[in-house]
Each structure stands twice: as structure tokens, then as C-alpha cells.
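Biologist: Please take a close look at the largest pocket of this protein, and at the helices whose packing surrounds that part of the discussion. I should like one connected account.

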Amino acid sequence: MRGLERDRPLGTKVTFWKLLRFFLPLGATPFLIASTHSIVDGALARLPNPEVNIAVFGIVKSMVNVIKAPELMSTQVFLAFVDDQKSYRLVRRFNWQVISVVFFLLSLLGYTPLGGLVLQYVFKIDDPDQLDLAYRALRIAAFLPFVETLRNAYQGMAVGLVRTGIMAVATAMRVVVLF
């Protein structure tokens, strides 16, 4: 199996404590990410028309998640293929091409009548105010994959370099900023 030998220098033992130090930040990161979603949901619930805000947000989030699903694999791509500066540049360029396609597709929904058709006929949003709210959310969400791909790419590299502590710190900063 390619790469298993290069992951640890010869003579380095894996111990329970090494595994724990490596895993704890990895385990904390999804918890912190999920808490940011709760913060957004809580904020939406305190705005005027909370039911509409939360419902539209849920629909838009679902649409965006389906389209940007390939971007979620950038962590694994960076982890599997980055061995040096040359491979990093190649993987980064490939990753940006994938994200450009995702951005284009999301922009089609957020900035063209296609989004309205999907929102009206697939998700049954007929109210003009709700439709406008969904369009605005789609326009903002079209840019999220750029931020997420940066996060995922560098998470993959942090895992590969066994520097997972930085992930939990960065995600904790995200939670603080949202508060």
C-alpha cells in the first residue's frame, strides 16, 4: 500500500496518548462546526417571521449541500496526493477548477430564473417574499464553497502532517466570530 511507510518515520511507535492528542482536535472540530449551525438557526429564529426564515434557510442549505458535495472531498484529495510543493500546486489548481464549476452551478440558481423555477416547482415556494428571501440566500451561499474548500484543503494537510490541533483552534475562532 502506497504511502503507509512514509506516514511515520521508522522506529516511531503509535501510542494511546499520541492517538488521543491526534484525535481530540479531530473529534472536537465537527462538534464546533455543528454549533455554528445552531447559532445561525438561533439567530434566524429571533428575526421577524422566524418560521419563514428557518424554512427558507433549510431549503437553500439543502440545495447548496447537494451541489457542493464534491467540494467536501477536498480534504481527502489534499491528504492523498500532496507530497511536495509541485503536487500541492497541482492539487490546488484542480481543486479550484472543481470549486469554479460548483460556484457556476450555484450562481445559475442564485442569479438566473433557473433558481426561481427550482424553488417554485421543486420546493413549492410560491410567496414572492419567500422567493426573494430564497434568492438572496442562494446568492450568498454561492460563495461559501470558496471558503469551505480552503478550510477542507488545509484540514487535509494538517491531518497529513499530524498537526490536528490547529483545526480545533481555527474552528473555535469561527464560533467566537459568529457570537
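Modeller: The model is a predicted one. Its secondary structure comprises eight helices and zero strands, so named here from the N terminus. Taken along the principal axes, the C-alpha atoms fill a box of roughly 65 × 35 × 25 Å.

The largest pocket has a volume of about 830 Å³. It is lined by 25 residues, and those closest to its centre are H37, V40, F57, L144 and E148. Five elements give two or more residues to this lining, namely α1 (16-45), α2 (50-67), α6 (128-141), α7 (144-160) and α8 (165-178). Among the contributors, α2 gives the most, with seven residues. In terms of class, the lining of the largest pocket divides into 15 nonpolar, four polar and six charged residues.

The packing of α1 against α2 concerns two of the elements that give residues to the lining. The angle between α1 and α2 is about 145°, and their axes lie 8 Å apart. On the α1 side the contact involves H37, V40, D41, L44 and A45, which meet P50, N53, I54, F57 and K61 of α2. By class, this contact of α1 with α2 has six nonpolar, two polar and two charged residues. Three of its members, H37, V40 and F57, recur in the list of residues closest to the centre of the largest pocket.

From α2 the description passes to α4, a helix formed by residues 85-111. The axes of α2 and α4 come within 10 Å and cross at roughly 150°. Because of that angle, α2 is roughly antiparallel to α4. The crossing in which α2 passes α4 is right-handed. Here M63, V64 and I67 in α2 meet V102, L105, L106 and L109 in α4. The contact of α2 with α4 has seven nonpolar residues, with no polar and no charged ones.

Helix α4 also packs against α7, at an angle of about 150° and with the axes 10 Å apart. The two helices α4 and α7 are therefore roughly antiparallel to each other, and their crossing is right-handed. On the α4 side, the contact is made by Y88, N95, W96, I99, V102, F103 and L106, while α7 supplies P145, F146, T149, L150, Y154 and M157. By class, the contact of α4 with α7 has 11 nonpolar, two polar and no charged residues. Within α4, V102 and L106 take part in this contact with α7 and also meet residues of α2.

The account thus returns to the pocket: α2 and α7, each of which packs against α4, are both among the elements that give two or more residues to the lining of the largest pocket.

Technical notes. Residues are numbered from 1 along each chain as its sequence is written. This is a predicted model: local features need pLDDT of at least 70, side-chain atom pairs count only at pLDDT 80 or more; totals for chains, interfaces and linings use all residues. Side-chain values use heavy atoms; hydrogens and water are left out. On a 1 Å grid over the protein atoms alone, a cavity is a set of points where a 1.4 Å probe fits but cannot get out, and a pocket is an open set with protein on both sides within 12 Å along at least five of seven lines; lining residues have an atom within 4 Å of a point. Grid points are joined across faces, edges and corners, and a volume is the space filled by probe spheres set on the points. Helices (H or I, at least four residues) and strands (E, at least two) are DSSP runs, numbered from the N terminus. Ala, Val, Leu, Ile, Met, Phe, Trp, Tyr, Cys and Pro count as nonpolar, Asp, Glu, Lys and Arg as charged, and the others, Gly among them, as polar. Axes are lines fitted to C-alpha atoms, for helices over the stretch in contact, and angles run from 0 to 180 degrees between N-to-C directions. Angles under 35 degrees count as roughly parallel, over 145 as roughly antiparallel, 65 to 115 as roughly perpendicular and the rest as oblique. A crossing is left-handed if the near helix is turned anticlockwise from the far one by less than a right angle, and right-handed if clockwise. Contact means heavy atoms within 4.5 Å.
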